Amino acid sequence: MHPMLNIAIRAARSAGNLIIRSLQHVEHLEVTTKGRNDFVSDVDRLAEQEIINAIQKSYPEHAILAEESGLHGDNEVVWVIDPLDGTKNFLHGFPHYCVSIAIMVKGKIEHGVIYDPLRDELFTASRGAGAKLNDRRLRVTKRKELEGGLLATGFPFKYPQHFASYLQTFNAVFPQVADIRRTGSAALDLAYVAAGRLDGYWEIGLEKWDLAAGALLIEEAGGVVSDFVGGDDYYNNGNIVVGNLPLHQQILDSITPHLTDELKK
Ligand code: IPD
Ligand code: CA
Ligand code: CA
């Protein structure tokens, strides 16, 4: 295993343990609002600090892009961190959230870790070396048609300007599949597609830390990741569609006719 992946795993596990310990006093946490429907607690900040400390102990020269504290340093290696993906679930006692850490080298995602502390599920990937859940190799599903498929999606709760367009994409996809989940953790949605638990997923307006690790997991599990025009700018524009090869194309074909020009950029 690559030494950087090893540190990422150690950091994700210790943040996960901190999140689990804080469950005992979740109702007393001070919660602040970062933006429309966007909240943060001390647990997000403490988990993030725990991860940053673990990275800086081994790699003090590397740069870090973390959700709650922004960009630290300037280096060709950047650690992209979501200390708690699924904050709303966590704050409501809805048991579905994770820690996500990706390592980018010269602008390319090279390693990714997603850790679900409640189920003790560790998803890992390194470019060219495959994706794993704990010790098991991951593959995306083999389904060829949307019919019978189980997808996930995210609602654009921060972006009222996209509500109408999003609902049209939903209306286009929903009648074709067996069902659609909205789990509240984009990183776990991506990990679940890599693990073959979901057939595909799409969401508008993700941040880099929501998707970096999960996108690599999917590619390494044999799946396809793109933005809404089938390109690879999802890391920058935050609009993402994933699935195995045929289903990725079918989801894309279903949603693109309903997108505004802004979402096609
Ligand atoms: C959020 C979750 C959610 C997605 C949002 C993200 P957070 O991340 O991943 O599923 O729909 O777009 O912001 O705020 O819980 O880290
Ligand atoms: Ca997130
Ligand atoms: Ca978060």
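Student: How do the residues of the shell around ligand 1 divide into nonpolar, polar and charged?

Tutor: Happy to help! In this predicted model, the shell divides into seven charged, four polar and four nonpolar residues.

Student: What makes Asp-85 and Gly-86 count as residues around ligand 1?

Tutor: The cut-off is a heavy atom within 4 Å, so each residue that meets it counts as near. There are 15 residues around the ligand, and Asp-85, Gly-86, Thr-87, Arg-182 and Glu-203 come nearest.

Student: Why is the pair between Ala-186 and ligand 1 called a polar contact?

Tutor: A backbone N or O atom of Ala-186 lies 2.9 Å from an oxygen atom of the ligand. The limit is 3.5 Å between N or O atoms, so this pair qualifies. Gly-184 also offers a polar backbone atom, 3.1 Å from a ligand oxygen, while Glu-67 uses a polar side-chain atom at 3.5 Å.

Student: How much of ligand 1 does the protein bury?

Tutor: Taken alone, ligand 1 exposes 380 Å², and the protein buries 94% of that.

Student: Which domains does the shell around ligand 1 draw on?

Tutor: Domain 1 (3–137) and domain 2 (150–264) each give at least three residues. Strand 5 (residues 77–85) supplies the largest share, three residues.

Terms used
Residues numbered from 1 in each chain as written. Chains lettered and ligands numbered in written order. Predicted model: local features only at pLDDT ≥ 70, side-chain atom pairs only at ≥ 80, totals over all residues. Heavy atoms only, no water. Polar contact = N/O pair within 3.5 Å; in protein donor to acceptor, adjacent residues only side chain to side chain. Areas by Shrake-Rupley, 256 points an atom, 1.4 Å probe, with all protein chains shown as cover. Helix = DSSP H or I, 4+ residues; strand = E, 2+ residues; numbered from the N terminus. Nonpolar A, V, L, I, M, F, W, Y, C, P; charged D, E, K, R; others polar. Domains from an automatic or database assignment.
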